[in-house]
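Biologist: I am new to this structure and should be grateful for a close look at one part of it. Please take the packing of its helices as the centre of your account, and add the surroundings of a few individual residues.

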Amino acid sequence: MITVQTSAFADQKPGTSGLRKRVTVFQQKNYTENFIQAILSSIEAKGASLVVGGDGRYFSNEAIQIIIRLAAGNGVKKLYIGQNCILSTPAASNLIRKLNATGGILLTASHNPGGPLYDFGIKYNTGNGGPAPENVTEKMFNVAKTLTEYYQKDIPKIDLSVIGTQTHEDLTIEIIDPISDYVQLMQEIFDFSAMKEFFTSNPEFKFLFDAMHAVTGPYAKRIFVEELGLPATSIINAIPSEDFNGGHPDPNLTYAHELVELVEKNSVNFGAASDGDGDRNMIIGKGTFVNPSDSVAIIAANADIIPYFKKHGIHGLARSMPTSAAIDRVAHKKGLQVYEVPTGWKFFGNLMDANKLSICGEESFGTGSNHVREKDGIWAVLAWLSIVAHENKKKAGTTLQDILDKHYAEYGRNYFSRYDFEEVDGFGAQKMMEMLRSLSGTSFVGSVIGEYTVSLCDDFSYTDPIDQSVSTKQGLRIIFSDGSRIVFRLSGTGSQGATVRLYVEKYTVDDYSQPTQEAIQDLIAIALQVSRLKEFTGRETPTVIT
């Protein structure tokens with residue numbers, strides 16, 4: 001073992017999804033080594049087994065070589081590494097659970113851009129397959145900010161392209177196929193034969209998946225082409241790229257514009273996309289956009305057609321606080337418990353481990369279930385394909401819009417939209433949030449703004465029903481007497497500047513055919529007025545509207 005003297009970095013505090021910084025930050029002398037050592041020191045690495053992989057973005061290869069050297073120096077017993085640095089986040093979660101590993105180190109900055117001048121990230125998942133909880137990430141930070149040395153062994157560079165096992169003293173390194181175990185899991189969850197029969201019986205049905213030059217390309221090819229029999233042309237941007245071919249691997253209407261344009265131009269019945277590390281999804285069809293909040297609600301409403309839920313049952317539903325209450329209405333009608341949690345998939349994990357939650361989602365294009373402890377983009381696509389196949393068996397020619405309309409007719413519609421104001425001045429944005437926070441408990445509650453009466457204004461807090469941990473300051477909510485909501489959150493997941501996220505929701509049981517932006521325009525105006533966003537940030541036009 002070699003002991004290397006180092007100096008601590010003060011900025012290595014992991015967020016909801018690990019530590020994300022510009023690549024140039026991670027390339028600083030000892031920066032990556034320090035954070036890996038902080039992880040290993042926090043988990044009692046001696047004798048541990050770890051799953052390692054990621055989205056293949058720039059700097060992944062170098063980071064994995066560092067992980068190998070430090071794992072050896074800290075007494076790790078075995079590393080399972082995805083071939084060519086590739087292992088989607090949900091696939092990694094599955095492997096951690098299947099192999100009964102100590103945990104996993106995932107190299108991803110999710111939906112953020114990659115390349116020499118853009119983002120990199122390191123995230124630790126615990127033995128349940130989910131993101132490290134706050135007590136673990138806090139321990140990592142405490143180690144990182146006082147670190148004076150790290151431990152490694154002199155191991156030659158490992159070829160990550162060759163599947164196989166090799167041993168270096170006490171450390172066994174296995175380069176694994178990153179796809180097969182995940183495909184097997186999907187085949188256990190869904191009825192592949194029913195989907196394949198649907199495609200065979202409806203050769204005119206057009207399916208298009210955009211992998212956005214990110215991690216899901218090989219998974220999509222294996223599942224949709226090799227297993228379900230779709231043509232290879234059904235997958236676009238399928239080859240993972242270190243910089244996502246210069247794109248922004250975020251599956252929304254703005255960044256997945258190539259898919260959106262092709263769906264409209266070629267009258268595609270079902271279009272889908274996933275993000276950098278494969279945990280997010282977008283579902284669209286010609287003339288139809290499936291809002292993520294509606295998506296998880298509709299999957300929950302139709303879960304009884306999916307073999308996995310037929311076998312295991314549905315123990316509860318959940319959503320992140322900013323996500324619309326559409327899933328709540330499904331839960332109430334089906335007599336299921338519904339949970340409202342802070343943003344961050346780890347909050348769902350506790351409920352899943354306690355067998356209180358089966359299906360959940362976030363408005364930020366994250367949907368999943370208790371089959372793993374991460375959100376899962378391809379799982380969501382397969383869930384929707386299962387619904388489409390089932391509905392078409394009952395009535396041929398049923399479209400995505402027909403499925404949406406059927407759901408709205410039964411449950412009502414929660415018009416919902418998110419406005420992202422990216423890379424705003426962090427100081428001004430913080431001042432805005434402080435001003436909004438000060439409105440709680442004042443005469444603002446009970447005031448009338450246009451046609452709306454303010455019934456609640458608070459900063460959302462959450463007490464975990466499993467471990468009683470408390471999370472505060474999770475987003476400013478303004479809730480009106482008719483159930484409409486305005487929510488503000490300040491996000492720091494981007495590595496530069498801050499992002500103000502504005503969420504607007506309006507519920508109706510009468511008119512569910514309006515375009516969303518028309519339906520909520522009065523609430524958007526109220527949000528901008530109340531927040532004085534332009535005054536604090538200099539911005540009034542969002543970067544992205546979802």
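Modeller: What follows describes the packing around one helix, and then a further helix and three single residues. The model is a predicted one.

The account begins with helix 14, which covers residues 377–394. Helix 8, made up of residues 216–227, packs against helix 14 at an angle of about 30°, and their axes are 11 Å apart. Because angles under 35 degrees count as roughly parallel, helix 8 and helix 14 are described as roughly parallel to each other. The crossing of helix 8 past helix 14 is right-handed. On the side of helix 8, the residues that meet the partner are Thr-216, Tyr-219, Ala-220, Ile-223 and Phe-224. On the side of helix 14, they are Ile-378, Val-381, Leu-382 and Leu-385. Sorted by class, this contact of helix 8 with helix 14 holds eight nonpolar residues, one polar residue and no charged ones.

Helix 14 also packs with helix 6, which spans residues 180–189. The axes of helix 6 and helix 14 come within 11 Å and cross at roughly 30°. That angle makes helix 6 roughly parallel to helix 14. Helix 6, too, passes helix 14 in a right-handed crossing. Tyr-182, Met-186 and Ile-189 of helix 6 make the contact with Ile-378, Trp-379 and Leu-382 of helix 14. The contact of helix 6 with helix 14 comprises six nonpolar residues, with no polar and no charged ones. Ile-378 and Leu-382 of helix 14 thus appear in the contact with helix 8 and also in the contact with helix 6.

Helix 10 can be considered next. Ten of the ten residues of this helix, 292–301, are buried, so helix 10 is largely enclosed by the rest of the structure. Among these buried residues are Pro-292, Ser-293, Asp-294 and Ser-295, and also Ala-300 and Ala-301. The N-terminal end of helix 10 is capped by Asn-291, which has a side-chain oxygen 2.8 Å from the backbone nitrogen of Ser-293.

Three single residues complete the picture. Arg-319 belongs to strand 15, residues 317–320. Its relative accessible area is 5%, so Arg-319 is buried. The side chain of Arg-319 makes a polar contact, at 3.3 Å, with the side chain of Glu-340. Beyond its neighbours within four places in sequence, Arg-319 is in contact with several residues, including Asp-328, Tyr-339, Glu-340, Phe-348 and Arg-485.

Thr-499 lies in strand 26, which runs over residues 498–508. Thr-499 is buried, since its relative accessible area is 10% and the limit for buried is under 20%. With neighbours within four places in sequence left aside, the contacts of Thr-499 include Asp-420, Phe-421, Glu-422 and Glu-423, as well as Arg-489, Leu-490 and Ser-491.

Ala-256 is situated in the loop between strand 11 (235–236) and helix 9 (257–265). With a relative accessibility of 1%, Ala-256 counts as buried. Not counting residues up to four places away in sequence, Ala-256 touches Met-212, Asp-250, Pro-251 and Met-282. Ala-256 and Ser-274 are separated by 18 residues in sequence and by 9.2 Å in space, taken from C-alpha to C-alpha.

Note on methods. Residues numbered from 1 in each chain as written. Predicted model: local features only at pLDDT ≥ 70, side-chain atom pairs only at ≥ 80, totals over all residues. Heavy atoms only, no water. Helix = DSSP H or I, 4+ residues; strand = E, 2+ residues; numbered from the N terminus. Buried < 20%, exposed > 50% of the residue type's maximum accessible area, 1.4 Å probe, protein only. Polar contact = N/O pair within 3.5 Å; in protein donor to acceptor, adjacent residues only side chain to side chain. Contact = heavy atoms within 4.5 Å. Axes fitted to C-alpha atoms, helices over the stretch in contact; angles between N-to-C directions. Parallel < 35°, antiparallel > 145°, perpendicular 65-115°, else oblique. Left-handed = near helix turned anticlockwise from the far one by under 90°. Nonpolar A, V, L, I, M, F, W, Y, C, P; charged D, E, K, R; others polar.
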